[in-house]
Number of protein chains: 2
Amino acid sequence: MKATVLVRPKEGILDPPGEAVEGSLRKLGFSVADARVGKVVDLELEAANADEARKQVEAMCEKLLANPLIETYEVVIDG
Amino acid sequence: MKATVLVRPKEGILDPPGEAVEGSLRKLGFSVADARVGKVVDLELEAANADEARKQVEAMCEKLLANPLIETYEVVIDG
């Protein structure tokens, strides 16, 4: 089963890569008010069904993929 | 207008962060067959409509956000 995880810096948390992207886009002439950079993790995992896959991926987020103090995560099960 | 860009390593391209995530998840006991790591960029930009926003964001991808030799990108306009 395939799953996609989006890990993003929480609002209010400093995001130096996002600031770098925002500054560079402005220098290139783009009208950007804000840019935030996070991670996308695409997973291929063994699970009996989508519910079980979601539980597993949420556990992966809590244990490794995201830092809950400063990041949020969003899980999409692709089937 | 808000837009989200997903930048991923192309298939067949080495992805050391993905290999590290895959190895760590396995050590934690998860049954993961594959993991690939890319970037998610959330943008707030000025654009008259969704079509114009998409054009701008695609130009940003070509010029800065993605390396077309080794990465693919996907643009989602959130409105």
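**A tour of the interface between chain A and chain B**

Begin with both chains shown as surfaces: chain A and chain B bury about 2500 Å² between them, and 68% of that area lies on carbon and sulfur atoms. If you now select Phe30(A), Val40(A) and Asp42(A), you have the residues of chain A that lose the most area to chain B, together 21% of what that side buries. Bear in mind throughout that this is a predicted model.

Next, widen the selection to every residue in contact across the interface, which brings up 31 residues of chain A and 31 residues of chain B. Between the two chains, twelve residue pairs are in polar contact, with both residues at pLDDT 80 or more. On the side of chain A that touches chain B, the elements giving two or more residues are strand S1 (2–9), helix H1 (16–27), strand S2 (32–45) and helix H2 (50–65) of chain A. Which of these elements gives the most to that side? Colouring by element will show that S2(A) does, with 14 residues. Colouring the side of chain A that touches chain B by residue class instead divides it into 18 nonpolar, five polar and eight charged residues.

Now hide the surfaces and turn to the strands in a cartoon view. S2(A) runs antiparallel to strand S2 (residues 32–45) of chain B, and 13 bridges join the two. To see one of these positions, select Val41(A), whose bridge partner in S2(B) is Val37(B). Step back and follow the open sheet of six strands, which has the order S3(A)-S1(A)-S2(A)-S2(B)-S1(B)-S3(B) and antiparallel pairing. At its edges are strand S3 (71–77) of chain A and strand S3 (71–77) of chain B, each of which pairs on one side only. Looking along the sheet, you can follow a twist that averages 25° from one strand to the next.

Stay with chain B and select strand S1 (residues 2–9), which is joined to S2(B) by six bridges and runs antiparallel to that strand. Within this pairing, Val7(B) stands opposite Lys39(B) in S2(B). Add helix H1 (residues 16–27) of chain B, which packs on the sheet and touches S2 of chain A together with S2 of chain B, its direction making about 125° with that of S2(B). Then add helix H2 (residues 50–65) of chain B, which lies across S2 of chain A together with S1, S2 and S3 of chain B and runs at about 155° to S3(B).

Finish with the charged side chains shown as sticks. How many salt bridges does a search of the whole structure find? Over all chains there are eight, and two salt bridges are found across the interface of chain A and chain B. Select Arg8(A) and Asp42(B), whose side chains meet in a salt bridge at 2.6 Å, N to O. For a pair inside chain A, select Lys2(A) and Glu44(A), which form a salt bridge with their closest N and O atoms 3.8 Å apart. This pair links distant parts of the chain, with Lys2(A) in strand S1 and Glu44(A) in strand S2 of chain A, 42 residues apart.

Technical notes:
Residues numbered from 1 in each chain as written. Chains lettered and ligands numbered in written order. Predicted model: local features only at pLDDT ≥ 70, side-chain atom pairs only at ≥ 80, totals over all residues. Heavy atoms only, no water. Contact = heavy atoms within 4.5 Å. Buried area = accessible area lost by both parts, 1.4 Å probe. Salt bridge = Lys/Arg side-chain N within 4 Å of Asp/Glu carboxyl O. Polar contact = N/O pair within 3.5 Å; in protein donor to acceptor, adjacent residues only side chain to side chain. Helix = DSSP H or I, 4+ residues; strand = E, 2+ residues; numbered from the N terminus. Nonpolar A, V, L, I, M, F, W, Y, C, P; charged D, E, K, R; others polar. Pairing = 2+ DSSP bridges. Axes fitted to C-alpha atoms, helices over the stretch in contact; angles between N-to-C directions.
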